[in-house]
Amino acid sequence: MFLVVGQGNPGERYARTRHNLGFMVLDRLGLSFRPQGEALVAEAEGGLFLKPLTYYNLTGRAVAPLARFYKIPPERILVVHDEMDLPLGRIRFKAGGSAAGNRGVLSIEEALGTRAFHRLRLGIGKPPDPSRGAEYVLSPFREEELPVVERVLEAAKEAVWCWVREGLPPCAGRFNGLDLSLG
């Protein structure tokens with residue numbers, strides 16, 4: 001059993017924002033999601049796929065109860081989220097580590113009581129004005145960024161299936177060096 005979590009915010013207002021890349025990736029998987037608790041949940045390949053409805057910064061409220069109920073260990077949880085510390089076009093698998101200011105990841109750490117879960121970090125780059133990070137992550141991608149976003153979403157979809165079927169080490173080796181910003 002495993003759990004793949006796509007981070008994002010519910011509702012049309014946030015649907016195409018940088019903060020919703022995790023939701024966008026899960027939408028690409030072609031699964032049928034149904035409401036369950038504070039999330040939308042799909043089942044496939046012997047595991048669960050989760051789109052929390054708690055809003056990004058409270059993701060742990062949806063993740064922890066499901067992980068505990070199904071007895072899913074942290075190393076069988078993959079959180080797919082946007083990452084300002086990576087440029088747009090880069091994706092990185094990571095096991096554990098700091099939340100690095102990502103309040104959604106911090107919420108999951110606190111709710112699970114561990115940092116040992118896996119992450120698929122999707123680069124969105126830094127905001128032009130560092131003091132406006134919240135505004136930046138809640139903004140839509142610019143028109144000229146959309147071709148790169150499309151490549152990121154397709155690669156991230158493949159990366160999620162890779163993690164489900166093969167685990168972290170082979171997938172990190174395959175995806176962490178990609179530069180999808182190059183057409």
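**A quick tour of the model**

Search the whole structure and you'll find one disulfide. Keep in mind that this is a predicted model. Besides that link, there are two nonpolar cores to look at, the largest with 38 residues and a second, separate one with 19, plus a buried glutamate, Glu-145.

**The disulfide**
- The partners are Cys-162 and Cys-171, and their sulfur atoms sit 2.1 Å apart.
- The link between Cys-162 and Cys-171 is left-handed, with -100 degrees about the S-S bond.
- Cys-162 is buried, at 5% relative accessible area, and Cys-171 is buried too, at 0%.

**The cores**
- In the largest core, the residues with the most contacts inside it are Val-4, Phe-49, Phe-93, Leu-120 and Val-160.
- Several elements give two or more residues to this core, among them α1 (21–28), β3 (39–44), β7 (118–123) and α6 (168–175).
- The top contributor is α5, which gives 12 residues.
- Setting aside residues up to four places away in sequence, Val-160 touches Val-4, Val-25, Leu-29, Phe-49, Leu-78, Val-80 and Leu-120.
- As for the second core, its residues include Ala-62, Leu-66, Ala-67 and Val-105.

**A buried glutamate**
- Look for Glu-145 in the loop between α4 and α5.
- With a relative accessible area of 8%, Glu-145 falls under the 20% cut-off, so it counts as buried.
- Its side chain makes a polar contact with the side chain of Arg-18, at 2.9 Å.
- Leaving out neighbours within four places in sequence, Glu-145 is in contact with Arg-18 and Leu-88.

Notes: Residues numbered from 1 in each chain as written. Predicted model: local features only at pLDDT ≥ 70, side-chain atom pairs only at ≥ 80, totals over all residues. Heavy atoms only, no water. Core = buried A, V, L, I, M, F, W, Y, C linked by side-chain atoms within 4.5 Å. Buried < 20%, exposed > 50% of the residue type's maximum accessible area, 1.4 Å probe, protein only. Helix = DSSP H or I, 4+ residues; strand = E, 2+ residues; numbered from the N terminus. Contact = heavy atoms within 4.5 Å. Polar contact = N/O pair within 3.5 Å; in protein donor to acceptor, adjacent residues only side chain to side chain. Disulfide = S-S within 2.5 Å.
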